[in-house]
Amino acid sequence: MSTTPQHGARSRYDAEIRSTLQNIAQNSITTSLSQRFNEDADRAARYSADVGPLFVDYSKQHIDKDILAALCTLARDTSVPEQFAALRAGAHLNNTEDRATNYPSLRRWAVDGKSSDHATDAMYSSMAKLVAAVHSGELTGTTGKAFTDVVNIGIGGSDFGPRLICDALANQGDGILKAHFAANIDPSVITEILATVPAETTLFIVASKSFGTQETRSNANAARAWLSSTLNCKNVDQHFVAVTSKPSAAKNFGIKEELILCTPEWVGGRFSLWSSFGLAVALCFGMDNFRTMLQGGHAIDLHVEHTPLEDNVPVILGLLDVWYRNAWGISSQAVLPYEHHLKLLPIYLQQLFMESAGKSVSRDGEVLKYGTGGVIWGTEGTNGQHSFHQLLHQGSDTIPCDFIASLRTYNPVGEQHQNLIANCFSQSLVLMKGQSATEIQQTLIDEGMPSDEAGQLAQHKAMLGNRPSTTILMRQLDARALGALIALYEYRLFTASFVWGINPFDQWGVELGKQISQTLMGALSGDDVSSLDSSTTQLIARYQEAQKT
């Protein structure tokens, strides 16, 4: 198996480096964010940049020229630039599975019309032909009617990405086909979808890299049985297409060979949106929109490749993640889109970050002595302001936040969008500045409250501030901005992972639970449970008893 590129005397995130970061953090905490702005009139411009179609303002982060220099030294000491070069060159950075990770090549196809890989070019060519056949009416359902609806049957990476993009692009109006998504194995999901879609004109995408995933196969079987029954027809093959790295398994499942899109084996699930696993996006909003999304991601590829570390925004954001995790003891990050059609972004990023960086051993199998990854969470604004923002402003933990907003809306109603943006900007401002008990007490006294009473209430209303955030703006939410946003987060993740020395491309931690569930299927049906613990045995007994009534 190939290894990560190494260079220089030090290429590991060792104890000396971590100690240096902790010392810098201890010194920097005495300088508040408000003070940094007061002392540097150019701070906002210095720590913000246009990155493709995005504007990223990270000036409200705990950063200055010395901190930035230390973080960039960290990136060089841990070979981050060399690892990005290796990624672009197709090196097998996924060492535990001996696979390439050249995701920039997928996005390059949208600009150059070709990638560095014949299989990738063939994938996109087949995808474009299939989309054209559906849109032209060349490919129809069993009764000859053109398709009107598409149901994407997947799980994890084959669901989160296409679902996010389709919901985001719906901001621009109705799609060419109507999108539906079935992922959970809970039978309510597929049942409720099948109750709403028209059988004659619904196309099902069975999206599974291995074509062995339990959730996907179960939902696909349910869809096929429903379709055959509803149409009173045994042969409903025209209603099913497959996206997979195992075309033979898809063919054995009953998908026609000409309706199978083959994705290269090295493409990982949570990064697969850029590949034929984005078929639902192309079917519902057109191949041009899909290509534009890739072009947005390519703009970030170019920025990362050609921009010095000191100005490289995704790299800086990733280095800040490392600094907060290991020098500040912060293990939580809030993602707060002030854009209704980005409401699924926090869920998408949960998989991207937590499945990638949720590792406790290095890529060489060495148990790590420092924390990696962290919890990603959030929801759309302004909903979050009426639930968990209390924790962000006055809780005992510092939680860095990302605020994301579109400067223009597709749905103008009075001053509502302006109000939305005002709320977005005000939240980051208050997190930074806070409000002291002394200030609040004086205001209450000026309003006529007795001094003692005002002093007591002020303690409850005070906000410490000095809490970091980044604001990411796009002119309007469209396919290009969306592609750039996702690629920005990918490179941020890669940067932190490369510093930590972990493999962000595998996910062995999800496998054992899948395997055990197959064993427990038998136990739930009455197989011997003597080898199981008493808790699991008790739960199984409860389930079995419930089936009798």
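Hi everyone. A word on terms before anything else: when I say helix or strand, I mean a DSSP run, H or I over at least four residues for a helix and E over at least two for a strand, numbered from the N terminus. What you have in front of you is a predicted model, so please hear everything that follows in that light.

Let's begin with the whole chain. By that count there are 22 helices and eleven strands. The radius of gyration is 26 Å, and the globule rule gives 24 Å for 549 residues, so the chain is as compact as a globular protein of that length. Laid along its principal axes, the C-alpha trace spans about 80 × 60 × 60 Å.

How much of the chain is buried? Buried residues account for 51% of the 549. On the outside, the chain exposes about 24,000 Å², and 50% of that comes from carbon and sulfur atoms. As for charge, I find 42 positive and 56 negative side chains, with the centres of the two sets 4 Å apart. For those of you who like contact maps: among contacts between residues at least 6 apart in sequence, 75% join residues at least 24 apart.

Now to the interior. In soluble globular proteins, nonpolar side chains tend to be buried together. Here, the largest nonpolar core holds 137 residues, and the ones touching the most other members are Ile255, Leu279, Trp323 and Leu342. Which helix gives the most to this core? That would be helix 20, residues 479-500, with 16 residues. Apart from that core lies another one, of 15 residues, including Tyr338, Trp377, Leu392 and Leu473.

Let me stay with Leu279 for a moment. Setting aside residues up to four places away in sequence, Leu279 touches Met127, Leu130, Val131, Ile205, Val241, Val243 and Leu261. Then look at Ser276, in the loop between strand 7 (260-262) and helix 12 (279-285). Is Ser276 buried or exposed? Its relative accessibility is 0%, and because buried means under 20%, Ser276 counts as buried. Beyond its neighbours within four places in sequence, Ser276 is in contact with Met123, Met127, Val243, Leu261 and Thr263. Met127, Val243 and Leu261 are also among the residues that Leu279 touches.

On to the backbone, which I know some of you will want to check. Where is the cis peptide bond? One joins Gly381 and Thr382, with omega about 10 degrees. Thr382 belongs to the loop between strand 9 (375-377) and helix 16 (389-394).

There are also two non-glycine residues with positive phi to show you. Phe211 has a phi of about 60 degrees, and Asn232 has one near 55 degrees. Phe211 sits in the loop between strand 5 (202-207) and helix 10 (214-231), while Asn232 is in the loop between helix 10 and strand 6 (240-244). Their surroundings contrast: Phe211 counts as buried at 3% relative accessibility, whereas Asn232 is exposed, with a relative accessible area of 71%.

My last stop is Asn411, in the loop between strand 10 (401-406) and helix 17 (416-433). At 49% relative accessibility, Asn411 counts as partly exposed, because exposed requires over 50%. How far is Asn411 from Asn171 in space? The C-alpha to C-alpha distance is 8.2 Å, although the two are 240 residues apart in sequence.

That's my tour. Thanks for listening, and I'm happy to take questions.

Conventions:
Residues are numbered from 1 along each chain as its sequence is written. This is a predicted model: local features need pLDDT of at least 70, side-chain atom pairs count only at pLDDT 80 or more; totals for chains, interfaces and linings use all residues. Side-chain values use heavy atoms; hydrogens and water are left out. The radius of gyration is taken over C-alpha atoms; the globule rule is 2.2 Å times the number of residues to the power 0.38. Buried means under 20% relative accessible area, exposed over 50%, partly exposed in between (1.4 Å probe, protein chains only). Contact means heavy atoms within 4.5 Å. Accessible areas come from the Shrake-Rupley method with a 1.4 Å probe; for residues, only the protein chains shown count as cover. Lys and Arg count as positive and Asp and Glu as negative; His and the chain ends are not counted. The place of a charge is taken as NZ of Lys, CZ of Arg, CG of Asp or CD of Glu. A nonpolar core is a set of buried Ala, Val, Leu, Ile, Met, Phe, Trp, Tyr and Cys residues joined through side-chain atoms within 4.5 Å.
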